Amino acid sequence: MLVVPLQINGKDVTTSKTIDVTNPSTSSVIHKASSAGIPEALAAVEAAEAAFPAWSDLPANQRRDIFLKAADILERRMEEVGKWQEEEAGATTFYSTGFDAPNAVNQLRDVAGKISGIEGTVPSLQDPKRGALVMKEPYGVILGVSPWNATYTLGFRSVTFAIAAGNTAVFKASETAPRSLGVIGTVFREAGLPDGVLNVIQTAPEDAAAVTKALIEHPTVKKINFTGSTAVGRQIAKLAGENLKPVLMELGGKAPAIVLADADLALAASMCALGAFMHSGQICMSTERVIVDKSISKEFAEQMKSAIEAMFPSSGAPLVLVSGVGVKKNKALLKDAKSKGAEILYGDINAEEAAPERMRPVVVKGVKKEMDLYYTESFGPTVSLIEVENEDEAIKIANDTEYGLASSVFTKDLARGFRVAKRIESGAVHINSMTVHDEAALPHGGVKGSGWGRFGAPGLDEWVKTKTITFLK
């Protein structure tokens, strides 16, 4: 049986301890993965540390060429790596090779174009005999931690911006999808990235906390980025804070889509259906709450049901979640809501599918604050439809959450859309489009409990530090 290796200092490394990797579509073990302990994790840090001086001094055009070659390699391997994502994460072909992997290819090319744009400044000082330079320099070794649910977009993102800016990296991949996430290392290796610049490890769940702690506490690791749940993000932020290290965090979400009375209902319905149920709702930006003006609620509900049926037909196979835990969580949230007066508008919360990882879309109406579903991120194929009397009430409910990652507004009046967007507490607001949107040209990140810092920030400023040098003329 295949054993997915670690990738340390440009070499494949296997360990005696392994992790079983399961295909959620079949509930069967498809391969194993080597599991890094603290010694392997520290070896990865040491390799990144050793590679940093030469990599940070490499001319920008040579770093750019490696990124462009990596993009070409990933594009050529699209079908192959998409299949691995389907096997490990239960993704559909539409999601893997139609959305996630192409997004990562575009990301690599976009980042390549930013590499030569890192610029300092020459400020004017009070003393005319003194000059100054403000330089931008890479931090050193960056720790990136990425989940399984958008393997290529999130996996590449956790390291590409950092190494483009001249940093080196240790990438801690999710043990759920190690073969898919290992592609990040193999693509860059084939593209000619020097040994040690990027090191890829995965860890058994029972060792994850200790390994992550050792990595964050290592004096060579200068900055951390983490994409994942808010609960784990709090633990990582605490560790980083205790070690006085900066951290970029993109965490959970409870994305609202506001459908105003003048919206194009067919467009809004299709975008809300896709935003809620693409990849089985297992995206941090997935639409969790559709907040609709009461005057058009009935018509919109019918159009949304039709859109769901067209995209995810009840006669077809149910959606696949990465584990049965997600199904149990969603059904518990739905049963709690129904017991407290909510109405199931679409779907059957009691349906039993052929496998515990499978579940069909559910739309629930009348969700109130006393219901667990109102505040809890479902991270599954569940969406709430909430009626409101007016625009102000819609905005109030949209902001009534600890999260603030992504959101949508549907209206035919663009000026009104901008007005509403300015009042929503969210890292991104998409007017007349679904809540799921991420590309390298845009800053991406959240507010409140959805984290801080930005991937895709203008230039590569998130991944460099400033140094002031003054001199007498």
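Here is a chat between a biologist and a modeller about the structure above.

Biologist: What should I know about the model before we start?

Modeller: It's a predicted model, so local features need pLDDT of at least 70, side-chain atom pairs count only at pLDDT 80 or more, and totals for chains, interfaces and linings use all residues. Residues are numbered from 1 along each chain as its sequence is written, and side-chain values use heavy atoms, with hydrogens and water left out.

Biologist: What makes something a helix or a strand here, H6 for instance?

Modeller: Those are DSSP runs, numbered from the N terminus: helices are H or I with at least four residues, strands are E with at least two. H6 covers residues 178-191, and its 14 residues should span 20 Å at 1.5 Å a residue; the end C-alpha atoms are 20 Å apart, so the two agree. The expected span is 1.5 Å times one less than the number of residues.

Biologist: How do you know where H6 bends?

Modeller: You take the angle between axes fitted to the seven residues ending at a residue and the seven starting there. At Ile184 that gives about 25 degrees. Right after H6 comes Gly192, with a positive phi near 100 degrees.

Biologist: Why is H6 called largely enclosed?

Modeller: Buried means under 20% relative accessible area, exposed means over 50%, and partly exposed is in between, using a 1.4 Å probe and protein chains only. Ten of the 14 residues of H6 are buried, so the rest of the structure largely encloses this helix. Among them are Pro178, Gly182, Ile184 and Phe188.

Biologist: Why does Ala191 count as buried?

Modeller: Ala191, which sits in H6, has 6% relative accessibility, so it counts as buried. Setting aside residues up to four places away in sequence, Ala191 touches Ile66, Lys69, Ala70 and Ile73, where a contact is heavy atoms within 4.5 Å. Ala191 and Ala71 are 120 residues apart in sequence, yet their C-alpha atoms are 8.7 Å apart.

Biologist: How do you know the span of H4 fits a helix?

Modeller: Its 22 residues should span 32 Å at 1.5 Å a residue, and the end C-alpha atoms are 30 Å apart, which agrees. H4 also has a kink of about 30 degrees at Ala101, shortly before Pro102. Its buried residues, including Tyr95, Asp100 and Leu108, are covered by elements that include H2, H3, H5 and H6.

Biologist: What makes a group of residues a nonpolar core?

Modeller: They must be buried Ala, Val, Leu, Ile, Met, Phe, Trp, Tyr or Cys residues, joined through side-chain atoms within 4.5 Å. The largest one here has 47 residues, and Phe67, Leu74, Phe156, Phe188 and Leu198 touch the most other members. H5 gives the largest share of this core, seven residues. Another core, of 40 residues, lies apart from it and has Ala263, Ala273, Met285 and Ala301 among its members.

Biologist: Why is Met304 called buried?

Modeller: Met304 is in helix H10, and at 2% relative accessibility it counts as buried. Beyond residues up to four places away in sequence, Met304 touches Ala269, Cys272, Ala273, Val290, Val363 and Val383.

Biologist: How do you know Cys272 has no bond to Cys284?

Modeller: A disulfide is a pair of cysteine sulfur atoms within 2.5 Å. The closest cysteine sulfur to that of Cys272 is in Cys284, 17 Å away, so that's too far for a bond. A search of the whole structure finds zero disulfides. Both cysteines are buried: Cys272 has a relative accessible area of 0%, and Cys284 has 9%.

Biologist: And why does Lys254 count as buried?

Modeller: Its relative accessibility is 3%, so Lys254 counts as buried. Lys254 lies in the loop between strands S11 and S12, and its side chain reaches the backbone oxygen of Leu373 at 2.8 Å. For a polar contact you need a pair of N or O atoms within 3.5 Å; within protein, one must be able to donate a hydrogen and the other to accept it, and residues adjacent in sequence count only if both atoms are side-chain atoms.

Biologist: Last one: is Leu244 buried or exposed?

Modeller: Leu244 is exposed, because its relative accessible area is 78%. Its phi is positive, near 50 degrees, in a residue other than glycine. His279 isn't a glycine and has a positive phi too, about 55 degrees, but at 7% relative accessibility His279 counts as buried.
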